[in-house]
Amino acid sequence: MAVQLPEKFEKRMRELLGDEYEAFARGYDAEHAAGMRVNTMKLSAEEFEKIAPVPVRKIPWIYNGFYYDADAAQPAKHPYYFAGLYYIQEPSAMTPAAVLPVTPGERVLDLCAAPGGKSTELAAKLCGEGVLISNDISNSRAKALLKNLELFGTKNAVVLSETPARLSERFVGYFDKILVDAPCSGEGMFRKSPSIIKNWEQYGVEYYRKLQREILPSAVKMLRPGGMLLYSTCTFSPEEDEENLAFLLREYPELSMLEPELSYEGFAPARPEWGSGLEEIKKAIRIWPHRMEGEGHFVALLQKSEDADGAECPEEYVRPAKLSKEAEEFFGRLKLSLDVRRITARQEQLYYLPKGLPELGGLRILRSGLLLGEMKKNRFEPSQALACALKAEEYDNCYSLPAWDEDVIRYLKCETISAKTPVKDGFVLVCADGYPLGWGRASGGVIKNKYLAGWRMM
């Protein structure tokens with residue numbers, strides 16, 4: 001066995017799986033599968049397959065997911081990654097956001113969101129419409145979450161770093177859809193990340209079960225009547241999976257299990273006998289690494305009844321900023337329909353707020369909406385986030401190079417480049433194969449680099 005499993009874990013899994021245990025154990029001799037998920041805000045899965053920077057093959061249950069050979073390729077080093085065309089993600093971990101049926105215009109919460117794999121897919125499903133609140137209690141992890149959302153070109157996200165309990169005081173009955181990919185003991189990821197085993201040995205299952213039971217009531221409180229809650233873990237532990245579903249159904253009779261629309265022959269039903277015996281629990285999905293090409297996961301979809309107690313949604317926050325002449329001129333060059341009433345200012349920075357967002361004062365905010373840029377004396381500096389959110393045809397001064405051109409790498413390393421084709425002086429949107437990377441400032445054919453230094457290619 002390539003991975004040395006804890007004796008206690010092996011014993012429990014043998015008891016749970018019975019005759020199936022030997023097949024399960026043999027799976028640890030195989031390499032884990034590497035995956036990438038296409039950003040459908042920028043291109044379709046079919047378009048990506050034609051230009052993929054590494055050999056790929058379809059993940060059968062994820063419409064925009066692909067496998068790649070991690071030993072032979074480094075897609076995170078390609079300019080397409082820096083253009084936000086895809087997210088590197090373990091295949092099974094793509095399932096929760098794929099199962100939650102999000103549609104444009106909805107209010108969506110990713111409660112335990114860092115580093116952003118599931119939030120970026122929820123953002124793509126919203127297509128820039130509605131509100132996405134992505135939260136992680138860890139401020140440092142929330143910063144990684146913010147980067148990934150901005151790299152994907154997300155226009156309607158709010159990134160917070162709060163406790164679930166604190167959020168539930170402010171957003172009672174606010175969300176149409178909530179995803180809780182809960183902190184867990186991580187048993188399903190032992191093959192992919194053996195270092196997790198030490199954490200499992202230190203904290204065990206009970207520590208995380210207790211944490212999950214603290215998080216879930218806050219999520220239920222924030223869900224509107226008729227709304228849907230997706231609960232997922234990357235562990236095999238019944239205490240964190242079936243038993244938590246039994247807890248939810250027992251404590252909140254307004255909740256019921258739903259059969260996910262997403263199906264795949266490799267999915268296994270949850271095991272009611274490992275929880276309370278409620279047959280309804282069978283509707284949840286277990287992903288076993290010996291049954292399909294992915295790591296261990298648990299996914300359950302629940303719905304709050306339409307006649308559950310509701311709450312009045314908070315009023316939309318609107319505080320229009322006074323725009324400088326330079327900012328107005330810049331926005332006039334964009335082929336975007338911006339509602340100026342939703343442009344607000346924090347000091348000199350301008351943000352475009354999602355429609356329907358309430359006032360957030362008192363919360364730990366990393367980003368509220370799309371950062372458009374900064375008003376400075378006699379000029380406006382557009383942001384890296386805005387560059388990522390634009391399509392090349394939405395700005396009137398673009399400079400696009402083939403992705404393989406050495407100047408693309410120089411640009412991503414924050415170096416000055418010289419234009420090989422004519423560009424107008426002023427801010428220029430630098431692109432690779434027509435996909436925006438970031439800003440430069442052109443003068444006489446020389447493009448001074450404005451790529452965000454903290455994102456530069458190393």
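**Overall fold and the setting of Arg37**

With 458 residues, the protein chain would be expected to have a radius of gyration near 23 Å as a compact globule, and its value of 23 Å agrees (taken over C-alpha atoms, the globule rule being 2.2 Å times the number of residues to the power 0.38). The model is predicted, so local features need pLDDT of at least 70 and side-chain atom pairs pLDDT 80 or more, while totals for chains, interfaces and linings use all residues. Residues are numbered from 1 along each chain as its sequence is written, and side-chain values use heavy atoms, with hydrogens and water left out.

The C-alpha atoms fill a box of roughly 75 × 55 × 35 Å along the principal axes. The chain has 13 helices and 23 strands (DSSP runs of H or I with at least four residues, and of E with at least two, numbered from the N terminus). Buried residues (under 20% relative accessible area, 1.4 Å probe, protein chains only) make up 57% of the 458. Of the contacts (heavy atoms within 4.5 Å) with a separation of 6 or more, 72% join residues 24 or more positions apart.

Arg37 offers a pleasant close-up. This residue is found in strand 1, residues 34-38, and is buried, with a relative accessible area of 1%. Its side chain makes polar contacts (N or O atoms within 3.5 Å, one able to donate a hydrogen and the other to accept it; residues adjacent in sequence count only if both atoms are side-chain atoms) with the side chains of Gln89 at 2.5 Å and Thr120 at 2.6 Å. Beyond its neighbours within four places in sequence, Arg37 is in contact with residues including Asn64, Tyr87, Glu121 and Phe152.

Terms used. Buried < 20%, exposed > 50% of the residue type's maximum accessible area, 1.4 Å probe, protein only.
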